[in-house]
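Visitor: I would like a close look at one part of this model, the second largest pocket, and at how its lining is made up. Please set it beside the largest pocket once the description is complete.

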Amino acid sequence: MDIAYELSEAGFPAVSVKGGYHAFLKSKLAGLMAAQKEKQEKRAEIERSLIKKFRKKIWCKFTKGINEYELIRDGDKIAVCISGGKDSMLMAKLFQELQKHGRANFELVFLIMNPGYNEENWQLIQDNAELLGIPLTVFHTDIFDTVAAIDRNPCYLCARMRRGHLYAHAKELGCNKIALGHHFDDVIETILMGMFYGGKVETMMPKLHSKNFEGMELIRPMYLIREEDIKA
């Protein structure tokens, strides 16, 4: 206590812990365990809500899309592509629940690319994934730097480059499918944009065979889910 007092007098933030260093370690461990328990309880609450509270508008439409469009078959290894946003994070949790409660025998890889996120955003994505219990498989690219100097359609180029990297890494990991988090509203917006800006009627399909990566298929299991329900 004398040492703590002398350090405090000298301007250092010092305290004396009853029981010494072992008591300090025990206190820190108890704090970490309490925080971990809180995360586990929150995760369990989220998982229950998907098949109970949001069963009709989220879970049933997810499973209906998978069954109606035959998006998953036994033996599939699916790269669930995560951007860090609400759509892909929800998709990841739905796939986890499907693996627990569904009948199909398939594997999952939760694949995320860091194309050059700033440090704060990247940390937020990782923290959210940890809270949700999503084990990320991470790879890095410099796509954001590459498209930064592009004046015309940089978003289109960025999306194409990201898609190519996801296909390539998924195939390296032995996956035969990649899953993207596009929802019903994305489908409608794509139709309208094609009509207004391209003078043609075309949209996203629920599944699509890759022309550039043999044996790979893209699936959109949230095809029937409305964005307002995702936000809810």
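Guide: In this predicted model, the second largest pocket has a volume of about 460 Å³. Its lining consists of 20 residues, and those that lie nearest the centre of this pocket are Ile46, Lys86, Leu90, Leu132 and Ile230. Two or more lining residues are given by each of four elements, namely helix H2, which spans 20–51, helix H4, helix H5 at 119–132 and helix H9 at 227–231. Among these contributors H2 provides the largest share of the lining, with five residues. Sorted by class, the lining of the second largest pocket comprises ten nonpolar, three polar and seven charged residues.

Turning to the other site, the largest pocket has a volume of about 1800 Å³, and of the 42 residues that line it, Ala159, Arg163, His182, Met204 and Arg220 are the closest to its centre. At least two residues of that lining come from each of strand S1 (77–82), helix H4 (86–101), helix H7 (154–172), helix H8 (184–198) and strand S5 (207–209). The largest share there, ten residues, belongs to H7, while the lining as a whole divides into 16 nonpolar, 14 polar and twelve charged residues. Helix H4 therefore deserves attention in both descriptions, being listed among the elements that line the largest pocket and also among those that line the second largest pocket, under the definition of helices as DSSP runs.

Notes
Residues numbered from 1 in each chain as written. Predicted model: local features only at pLDDT ≥ 70, side-chain atom pairs only at ≥ 80, totals over all residues. Heavy atoms only, no water. 1 Å grid on protein atoms, 1.4 Å probe; cavity = no way out; pocket = protein on both sides within 12 Å on 5 of 7 lines; lining within 4 Å. Points joined across faces, edges and corners; volume = space filled by probe spheres on them. Nonpolar A, V, L, I, M, F, W, Y, C, P; charged D, E, K, R; others polar.
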